[in-house]
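Student: I should like to learn how the features of a structural model are read. Could we work through one together?

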Amino acid sequence: MPHLDPGMPQGLNGGLRDSVESPELALEFERIRDDHAILASTGCTRDFCQAGRALHTDEPRVGENRALRRVEQEAETFLEDLYAADFYDSETAFRDRLEEVLSEIRDGAVEAVIRHDKSHRTAGGNWTQTARELEFGVRRAWRNARKCIMRSHSDELRLCDLRNVTSSSRMVAEVLKGISEAFNGGNILPTVFVFPPRNINRRGPMFWNDQILQFAGYEADDGSILGDPNSVILTKAILELGWVPPESKSPWDLLPLVAIAEGDLPAFAEIPAYLRLLVDIRHPQYAAQFEKLGLKWVSFPALTRLGFDIGGVQYTAAPFIGWFMDAEIGVRNLADSFRYNVLPDIVQALELTHGKLDHGFETFEDLPEYEKLSMLSKAQAELTYAVNWSFIQAKITMSDSLTASMKWCQYDKEFKKKHGYRLPADPYWLAPPQGSIIPVWHRGGAPNYQPKPMISRHVQDPIKAWGREKHLYTAASQPSTALIEVQELPTLPAYNKRETKVLTYGVTKDVESLHRSVPSLGPVDVVQDLLGASRCIELYFCSGGTTAEKLAAKLHQWISSHVEKVSRSSLKPKIEPLNELHASDLTKDKILILIVSSIGQGAIPANGLAFEEMCCDVLANTPSPGNEDFQFAVFGNGDSRYSNTYNAAALKIYSLMKRMGGSSLMHGIWQGDTAAEPLPLRSLGSWWKHIQPRINDLLFFSVETSTEKSQPAEDAIQKYDDQQEELLSTLKDCTLVVTTPKVGTGGEHSLLISLDIGNESFEELSCVQVLPFNSPAKVDQALKALCVDASNPMNLVFDGESPTFGRFLTDFVDLERPFLELEWLKSLALASQRGLSRHSLHNVSVLEVLERVINTDFTQDGRVLGYCLQRDICLDMPLLNVKTYSVASSLSYASDRQGTAPATGSKVDIMVKINQDGRFSDTFLNDFPTPAPLKYRFVDSRAGPHLRENYLATFVIVATGAGFGPVRCLLQWRIATIGGIPAAGQRHPSQCTGISLFLGLKESDVALTTDVLEEAKSLGIIDTLYIMVSNPEKRRVYDELPQHGKEIRSKLMKRQGLVFVCAGEAAAQGTKSVFEKILGGDVKNILGERYVEEVF
């Protein structure tokens, strides 16, 4: 049995003990156990697999104290490996060597804190490995490196033994000298440079750089980065050591190499000219385009922060040079969005967007994800090709992903043939990013275990380690070492006048002392009383998909071009999820711009829930946490097809920001509607145009100036102007002609409503949006309370025309919902005297507030409201929103019955569930007797395009209540289609593609379905029909699905049918769970686009 690293999660180590169902796998695991007496942790446990992590949380590290027994076991196991590889002439020689090693370990043992359990025990000491033993160890460690695909070359690894080098300056010099030999003019020789191992209670020697050749990352004051973002922290640290970057900085500046030996100060040296060769990335088919892009990369990888763990000895500094695989550069280093992010530039350079930027898409970022994926994939493939081609032209060793994968597969296959088990493999790292094109992608099931010797990271960050140690060095105790040319530099005052060594080559240079001063804080300039404080604008998004993030990115571009012209502002360089906004960020020097989408039933998406929780925690402990110190604005990205929850998440976030003490740049939220505009850029542009002057006011006037109070009506006017432009102008007039059953029948039920739309046409399976405007009686009630005539103009100019108070109260605002802010209450002294506050009225409808406050205080008192107050009260009313319903009738079916052309139809049906106090289903229908005027527009349903494409396919449909509406449309459409097929010799599509239909209905609603169900059944369109009527036992319609499991599996898996679920959120979730039991897995993964939901 293998020894297991004590204190580590056992993961697959523990799994090796478990029974395995496959005899072949059981035998493979048994052989792994036999050949590896010690297995290190992979970081996984039985309950938690970390296969999806780049770095596992509990991977073994070098740089730690280990118990004596553990060090002895690792040394013994390593020597046994050497013996098995015929390193010793006889067993006696092996035993002698083992005894010698164990003696040395015990002689060096001391009491120390053991890292894994923080206990005080005897820690094992080091032992001195011969050069041959060390060479075997580094090669075996590479072979065991489960994250590396290049291990077939492990036996070629050369050792440069530098264990006698004990100063920082010599570490740098020896590596730079040896790396030139290993580079070998481009014909790279894989080489490892091993420095002394760490001792107990010491960190050991370390290199600061991640790679010997590493580009700088210069972070500007505004947060933008020139160069490699991965190098920002390192670049800052090296600058503090005294490095002077090129006068003209570029994205391709190489950092000096920094080393820090045990007990020594850090030393650094510029990379010599003969190693500074960069490969220009060019493309033979796109020569001009790639030359213009100016991309480059270093000629070889040489990792410097990894260590080697060999036989209980920890080598903390062991730089390792090899060669690149093309995808490392073309798919990761240059392409990663958090690195150089060049793929969008390549898309533009190769004009891949040609012909795509239309239909309202302004830039590449606005395009649908599938279009972007196609273009980015093309750009990535061409970049990776260009990388490989460029290295070939430069005559520098490189491997392409396909070749590397094939070589690995063959190497692993040969290894298994010889040893009976496969090499360890971490699929996250091992499989190149080109997916199934690469052979290793299909080699699934490789064992993920970790033998020793191994390559691992250090427990300490070298820069942080130096930060903890630098106070120990004084001028008197500073070590004095030199090589070639070492110049002593006074360092930062914070270093207590210590010296940092700067290693230079060939030429002695006088280097000026580095001085850093902190400007003293004097009295605030008088001008500050007139000018606003410097402000930072920050953008956050909150979304279940990608739309809010796209909008935030677009707005970031617009604001970026704006702040360049404004000296007193800065823009945070990247947009972030709302969860990254913390209470400490809500300060008066911030302008916070939020783009918020809603999910489900108006819920806040996951990347905003932590922010919501933080606000609730703060408010629970401090009901009034702020004094309107910070400024914010909220753009709601909603879908008016979900009428009851339209932009509900944005409203919640807006309310939280207000309660946290924020002052909004505008009155309420701005509402974008993806039903009218899939990517609401027009609405976003209007919003930005509106808040831009507010931001300018903050930047050029004092902090005390409140944008909300300075011009209380302007933002509201703009909001209603956009309501006119983006909604009201798109609506048409129709007549609500009949409801079945009649309104007022009583009880909970649904209505089938017919709208007369004249000669308008509509798409099958789309949606209709209706605007339930206020009734004349309620408008008159509001006008009376406001003491204003309906014909009086409001002096709000919308496209050259000002609405009257009467039209504004009819079409623009919702009199049934609460006021937005109630700031105008402060103007009514009597309201305050009667105890009517904003808090007491914040959930009261507009009409009721008007009656309780204004009508009582003014009308009875004989006073009249002034025009400005009348207007401010109106502008505080919430916008009137459309309500969305699925089309419940087929245009083709109606035309067929009426004998008219199918292009137009005079009526459209919708199914409406009666909700108490529902804005349309209750209030409007009771306020307006039929026939009633109504405003409407058609929008597509989310599922419409896919359902129309497959409307004759096999279906399993589950619908509840008014969710029968789109099912009714689908059935009518299929009836009309079948009715048009000649009977002679042709089979109805229904004979091959029947529908299994499961309905959950209230008993009173069944009558609304009977006619179409009977007709569809008679034509064979429905082959299974089950109706679950509401019942005391609370059985749901989806509870019936398992009884038809065999039929459902056949339809979905053999006949490639579709599932269509049209129900409320709870019923949709319950239905999904049952389908997953029937199909044996995640139904959306199994069926993909064939699982269609319309959740209302």
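The dialogue below takes up cores, backbone features and aromatic rings in turn.

Tutor: This is a predicted model, in which local features need pLDDT of at least 70 and side-chain atom pairs count only at pLDDT 80 or more, while totals for chains, interfaces and linings use all residues. Residues are numbered from 1 along each chain as its sequence is written, and side-chain values use heavy atoms, with hydrogens and water left out.

Student: How is a nonpolar core recognised, and how many residues does the largest nonpolar core have here?

Tutor: In soluble globular proteins, nonpolar side chains tend to be buried together. A nonpolar core is a set of buried Ala, Val, Leu, Ile, Met, Phe, Trp, Tyr and Cys residues joined through side-chain atoms within 4.5 Å. Buried means under 20% relative accessible area, exposed over 50%, and partly exposed in between (1.4 Å probe, protein chains only). In this model the largest nonpolar core has 101 residues, and F308 and L383 have the most contacts inside it. Helix α6 (residues 168-183) supplies the largest share of this core, seven residues. Helices (H or I, at least four residues) and strands (E, at least two) are DSSP runs, numbered from the N terminus. Another core, of 94 residues, lies apart from that one, and V770, L947, V967 and L1013 are among its members.

Student: Which residues is F308 in contact with, leaving aside its neighbours within four places in sequence?

Tutor: Contact means heavy atoms within 4.5 Å. On that basis the partners of F308, beyond its neighbours within four places in sequence, include V62, V138, A141, V192, Y315, F320 and M454.

Student: Where do cis peptide bonds occur?

Tutor: The angle to read is omega. K452 and P453 are joined by a cis peptide bond with omega about 5°, and P453 lies in the loop between β20 (450-451) and β21 (454-457). A cis peptide bond also joins T930 and P931, with omega about -5°; the place of P931 is the loop between α28 (919-927) and β36 (932-939).

Student: Which residue other than glycine has a positive phi, near 65°?

Tutor: That residue is D86, in the loop between α3 (68-84) and α4 (91-107). D86 is exposed, because its relative accessible area is 66%. C787 has a positive phi of about 60° although it is not a glycine, and its place is the loop between α21 (776-786) and α22 (805-812). At 28% relative accessibility, C787 is partly exposed.

Student: How are aromatic pairs described?

Tutor: A pair of aromatic rings is described by the distance of the centres and the angle of the planes. Rings of Phe, Tyr and Trp (its six-membered ring) pair if their centres lie within 6.5 Å; planes under 30 degrees apart count as stacked, over 60 as edge-to-face and the rest as tilted. By this rule there are 30 aromatic pairs. F415 and Y421 form an edge-to-face pair, 5.5 Å centre to centre with 80° between the planes. F415 is buried at 6% relative accessible area, and Y421 is buried at 2%. The F630 and F632 pair is tilted, because the ring centres are 6.2 Å apart and the planes lie at 45°.

Student: Which residues lie with their charge over a ring?

Tutor: A charge sits over a ring if NZ of Lys or CZ of Arg is within 6 Å of the ring centre and within 35 degrees of the ring normal. R132 lies over the face of F87, 4.3 Å from the ring centre, and the charged end of K372 sits over the ring of F364, 5.9 Å from its centre.
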